Amino acid sequence: MHFLDQAPPFLFFTGKGGVGKTSLACASAIHLAAQGKRVLLVSTDPASNVGQVFGTEIGNRITAIDSVTGLSALEIDPQAAAQQYRDRIITPLRGVLPDAEVNSLTEQLSGACTTEIAAFDEFTALLTDAALQRQYQHIVFDTAPTGHTIRLLQLPGAWSGFLQAGKGDASCLGPLAGLDKQRSQYQAAVAALADGSRTRLILVARPQPATLREVARTQHELAALGLQQQYLVLNGVLPQQAVGDDPLARALWQREQSALAAMPEPLQALPRDLLPLLPFNLVGVAALQALLQPAGSTPAGATVAALAPPPAPDLASLVDELARDGHGLIMLMGKGGVGKTTLAAAVAVELASRGHAVHLTTSDPAAHLAETVAGALPTLQLSRIDPQAETARYREQVLASKGKHLDAAGRAMLEEDLRSPCTEEIAVFQAFSRIIRSAGRQFVVMDTAPTGHTLLLLDATGAYHREVARQMGSKGLHFTTPMMQLQDPVQTKVLLVTLAETTPVLEAANLQADLRRAGIEPWAWLINNSLALARPQSPLLQQRAGNELAQIELVARQHARRWAIVPLQAEEPVGVARLQRLARH
């Protein structure tokens, strides 16, 4: 394993949900401990299952793993950290500021950005604790801070009073209100991350085009911030010997090989390891040891589960219900790599094939679906929002208005504010908002949707919605803002997209909680790329399919009011005919 050769003190595993970061971090910690090293494994995953993996209750304290000599673990609870962080900021303001302002700040600090920063606040102490570093030769982190977080921490401290004076614009800077006192610690932590002799970043990806594009963006973002010591691990690669006579397995293997051959150039230059897809759940020391063995051998006792796919509604049945309204906004939300773009196209094609006027819009930079669907259905209109162009337009708009009367120092601070990571999200949302208005006379199917974090910012900061309400309400005029339309369940239907895997389901549940705090109730869940319904013949894939059943049950019984499941397809679902097959079991 190249990524473990001459390992430095800090190892960070980063990547999108569901790619296997936690399993790989645990397996790496076991591997290093087996060499006689003292190792601390730290998880910042909101759904940390490190304790379950080792059969030990861990929690937010350093706990020895009895089954692995030399290994200890710590699970940072991001939600608890976020609550402590909010309390630290808000408690001194109670009784000082008006209740309305305190409530607005509390809401602003309820999003994913606060949770991310609070978790970073917790483990920067680990990066800068000299005594802890003397005790452990390696500290293995699952999950690494994103470039988004590091970029925030590099912003100058002077913005705080600047924003309070009302000169800044809606951004994700609000959650940073409590950082100034510990800024020197954060600077030391960022320096440690950028030091290649102390820190190694392991980018974890699956052999899929969308996931590889996501990890390429992460690689570029982190490298631009000075984090150059990067390795790539391609996890879950289907072994050729597992294909056999299974047509589905053969098609999946060919698709993976094509994705690897077309890997973005920056990733090709990184040191690379390939880990095979395994048929069993990675729970227990023996299973984790098998992950890093070249053959990926099955540990003793692993068996192929009997496969009994659950009865499940298909996407077409949900579209039947959507079509009754005759028009409206349909937003597909979810984390990267779960297939939102494909399912948005499938929903749009299903509605258009029923004769409805449909506008499908996306901000996905890979617009291949638009190219293949364009012109195929007379009632289907397509558009693509360019995030870079929209961000540039938004920055120019703000600089022309709020920056008009600022001095040079003030304008420089405003430009810094507009370089914060949330500016692009807000700019894209504004572009979407222009399209939203047409949903009163046709269907608008939207991918990729703004996150719950962005919606909270737009509502809580008053960047748009509250300002319009103040201006129009005082004149007694009727008005509707995009936020009000999103909160109206008659006008807007939000569909959450996930995979039938532990981490993607949990991330979708967290997004649902974010949306509910913004006053938006998701209408349905879509479970994409299900092996359980694809009925594979390969023993390896049958075992993987059996592992999905518990997550499908969780979505159906606990998370979703409505739900549908989409089987994994042998062919890439591109073009009208294949998208229509996608919608039906």
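## A tour from the sheet to the cores

Begin by selecting strand β2 (residues 39-43) and strand β5 (residues 138-142), which run parallel and are joined by five bridges; helices (H or I, at least four residues) and strands (E, at least two) are DSSP runs, numbered from the N terminus, and two strands pair if DSSP finds at least two bridges between them. Within this pairing, pick L40, whose bridge partner in β5 is I139. The model is a predicted one, in which local features need pLDDT of at least 70 and side-chain atom pairs count only at pLDDT 80 or more, while totals for chains, interfaces and linings use all residues. Residues are numbered from 1 along each chain as its sequence is written, and side-chain values use heavy atoms, with hydrogens and water left out.

Widen the selection to the whole open sheet, in which eight strands follow the order β3-β4-β2-β5-β1-β6-β7-β8 with mixed pairing. At its edges stand β3 (63-64) and β8 (272-276), each with a single partner strand, so one side of each is left without a neighbour in the sheet.

Next, add helix α1 (residues 21-34), which lies across β1 (10-14), β2, β4 (71-75), β5, β6 (199-205), β7 (230-237) and β8, running at about 170° to β5 (axes are lines fitted to C-alpha atoms, for helices over the stretch in contact, and angles run from 0 to 180 degrees between N-to-C directions). In α1, select S23, which is buried with a relative accessible area of 19%; buried means under 20% relative accessible area, exposed over 50%, and partly exposed in between (1.4 Å probe, protein chains only). Leaving aside residues up to four places away in sequence, S23 touches L282, L288 and L291, contact being heavy atoms within 4.5 Å.

Move on to helix α17 (residues 387-401) and colour its buried residues, P387, E390, T391, Y394, V398 and L399. Seen down the axis of α17, these fall within an arc of 165°, so they line one face of the helix (the arc is that of the directions from the helix axis to the C-beta atoms). The face turned away from the buried side of α17 carries the exposed residues Q388, E396 and A400.

Finish with the largest nonpolar core (buried Ala, Val, Leu, Ile, Met, Phe, Trp, Tyr and Cys residues joined through side-chain atoms within 4.5 Å), where, of 47 residues, L238, L329, W525, L541 and W563 touch the most other members. Helix α19 (residues 422-436) gives the most to this core, with six residues. Apart from it lies another core, of 39 residues, among them L71, A73, V140 and Y231.
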